[in-house]
Amino acid sequence: MVSSVAAAAVAFVFALLCTPLAARGLVRLKAGQPIRDVNPEAHQVKRGTPTMGGLVFIVGTVLAYVVGHLVMNVLPEAQIVPPGPTMTGFVLLGLMVFCGGIGFVDDFLKVTKKNTAGLSGRWKLILQLVIGAGFGIVALGFPSTAGLSVGSTRLSFVREIDWLNVGKVGAVLAFIAIVMAATNAVNLTDGLDGLATGTSIVVLMAYGLISFWQYQHWCADPAAKAEFCYVARDPLETALVAGAAAGALLGFLWWNTSPARIIMGDTGSMALGGLIAGEAVATRTVLLLPILAALFVVITMSRIIQYTSYKTTKRRVFRMSPLHHHFEMVGWHEVTIVTRFWIIAGAGVVAGLGLFYGDFLGRLP
């Protein structure tokens, strides 16, 4: 736990100090955010705000991960956890960096062409599929000395479900689906200052708590009772990465709240989606993800409902989608929307953690 806190602190300080420097550098490079004409009128003032800010918290997370391992190596945990980076860390950070890379290409095309087109939707999906498949194969291969892989062939809720064994091919397909769903959900949510950032913080903090609890009741611990222990490859590693990312986002949020001095862009939103998807797989809580990430699900569903309704009936359910833009059109202030949506995100996290810890308590005599 100390290593996770240390990583979070390092990431927070790094992002807090480096984000304004990055903002000034992006302004000099003329990497300003283009705004679609169909967006609410209030968004026009955001035109030119430096984008690609996700680079800051991606670098901050990776740096903090390294620091966290340096701290971990001098703690008692070093007797249980293998020294140095693990395959779990490689998968989690790899998803964050490579999914962020897709977003970076999209952002780069937007700022160089000075329009909102960017990378086509088809290419985004193809690249997400390739990255999901690649890391899905890695997650199922390369087992630890205890025979545990990062991912599992069994689907999971608060822990693995024995009778939901989908096999290796099914597990890779599920991995791809989770990565694609999470990256696009966070990307859709990133429409108001601080909305995706704050929501991602509470979701990642939840995964930090889940991971640490799994470490405390890890099957790798000989003293753990079988009915209480969790099957996961590197629970302390998932806690470390989640803590580092949450800390980096907290420092970034200081500058990303309304009025934002910098925007994370697709670079940041896709990186966060990839990381959150990886955390769900590594902690064996895949089917719990929609509850923990309830706000992301609600916003994604609003987009799907709007699209389906218009294509089938030529009628719109919302004044504008995703959902946060609907409330802007209704007349809510941006800060009000963000604050209330954060409350929804927090409620989803509380419900998800309640189910997770409730399962453990239900196993007590």
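Okay, let's start with one residue: Gly53 is buried, at a relative accessible area of 1%. Before going further, a reminder that this is a predicted model. Gly53 sits in the loop that links helix H1, 2-28, to helix H2, 54-72. What does Gly53 touch, leaving out residues up to four places away in sequence? Leu26, Phe252, Ile262, Ile263 and Met264. Take Ile262 from that list: Gly53 and Ile262 are 209 residues apart along the chain, yet their C-alpha atoms are separated by 6.1 Å.

So that's one spot. Now the whole chain. We have 365 residues, and buried ones make up 53% of them. The secondary structure is 12 helices and 2 strands. If you read along the sequence, you get four helices, then the two strands, then helices through to the end. And the Gly53 sort of long-range pairing comes up in the totals too: of the contacts with a separation of 6 or more, 77% are between residues 24 or more positions apart.

Next, how the helices pack. I picked three pairs.

First up, H6, residues 195-216, and H7, residues 235-256. Their axes are 8 Å apart, at an angle of about 160°. Anything over 145 counts as roughly antiparallel, so that's what H6 and H7 are to each other. The crossing is left-handed. On the H6 side the contact includes Ile201, Leu204, Met205, Tyr207 and Phe212, and on the H7 side it includes Ala242, Ala245, Ala246, Leu249 and Leu253. By class, that contact has 16 nonpolar and 8 polar residues, and no charged ones.

Second pair: H3, residues 87-113, with H8, residues 265-282. Here the axes come within 6 Å and cross at roughly 155°, and therefore H3 and H8 are roughly antiparallel as well. This crossing is right-handed. Among the residues that meet are Leu92, Leu95, Met96, Asp106, Asp107 and Lys110 from H3, and Asp266, Met270, Leu272, Leu275 and Glu279 from H8. The class split is 11 nonpolar, 7 polar and 5 charged.

Third pair: H3 again, this time with H5, residues 167-189. The axes come within 12 Å and cross at roughly 50°, so H3 and H5 are oblique to each other. The crossing is right-handed. It's a short list: Val91, Leu95 and Cys99 of H3 against Phe175, Val179 and Thr183 of H5. Those divide into 5 nonpolar, 1 polar and no charged.

On to the cores. In soluble globular proteins, nonpolar side chains tend to be buried together. In this model, the largest nonpolar core has 77 residues. Which residues have the most contacts inside it? Phe57, Phe175, Leu204, Tyr207, Leu272 and Ile276. H7 gives the most to this core, with 12 residues. There's another core lying apart from it, with 11 residues, including Leu323, Ile337, Phe341 and Ala345.

Let me zoom in on Phe57. Not counting residues up to four places away in sequence, Phe57 touches Met96, Ala248, Leu249, Phe252, Met264, Gly268 and Leu272. You'll remember Phe252 and Met264 from the Gly53 list.

Then there's Leu292, in helix H9, residues 289-292. Buried or exposed? Buried, because its relative accessibility is 1%. Setting aside neighbours within four places, its contacts include Val203, Tyr207, Ile210, Ala345, Val349 and Leu353. Leu292 and Ala345 are 53 residues apart in sequence and 7.8 Å apart C-alpha to C-alpha.

Last bit, backbone oddities. Most residues other than glycine have a negative phi, and most peptide bonds are trans. Where does this model depart from that? The Ser258 to Pro259 bond is cis, omega near -5°, and Pro259 is in the loop between H7 and H8. Ser321 to Pro322 is cis too, omega near 0°, with Pro322 in the loop between H10, 294-313, and H11, 323-330.

On the phi side, Arg284 has a phi near 60° and belongs to the loop between H8 and H9. It counts as buried, at 4% relative accessibility. Lys314 has a positive phi of about 65° and is in the loop between H10 and H11. Lys314 counts as exposed, at 59%.

Technical notes
Residues are numbered from 1 along each chain as its sequence is written. This is a predicted model: local features need pLDDT of at least 70, side-chain atom pairs count only at pLDDT 80 or more; totals for chains, interfaces and linings use all residues. Side-chain values use heavy atoms; hydrogens and water are left out. Axes are lines fitted to C-alpha atoms, for helices over the stretch in contact, and angles run from 0 to 180 degrees between N-to-C directions. Angles under 35 degrees count as roughly parallel, over 145 as roughly antiparallel, 65 to 115 as roughly perpendicular and the rest as oblique. A crossing is left-handed if the near helix is turned anticlockwise from the far one by less than a right angle, and right-handed if clockwise. Contact means heavy atoms within 4.5 Å. Ala, Val, Leu, Ile, Met, Phe, Trp, Tyr, Cys and Pro count as nonpolar, Asp, Glu, Lys and Arg as charged, and the others, Gly among them, as polar. Buried means under 20% relative accessible area, exposed over 50%, partly exposed in between (1.4 Å probe, protein chains only). A nonpolar core is a set of buried Ala, Val, Leu, Ile, Met, Phe, Trp, Tyr and Cys residues joined through side-chain atoms within 4.5 Å.
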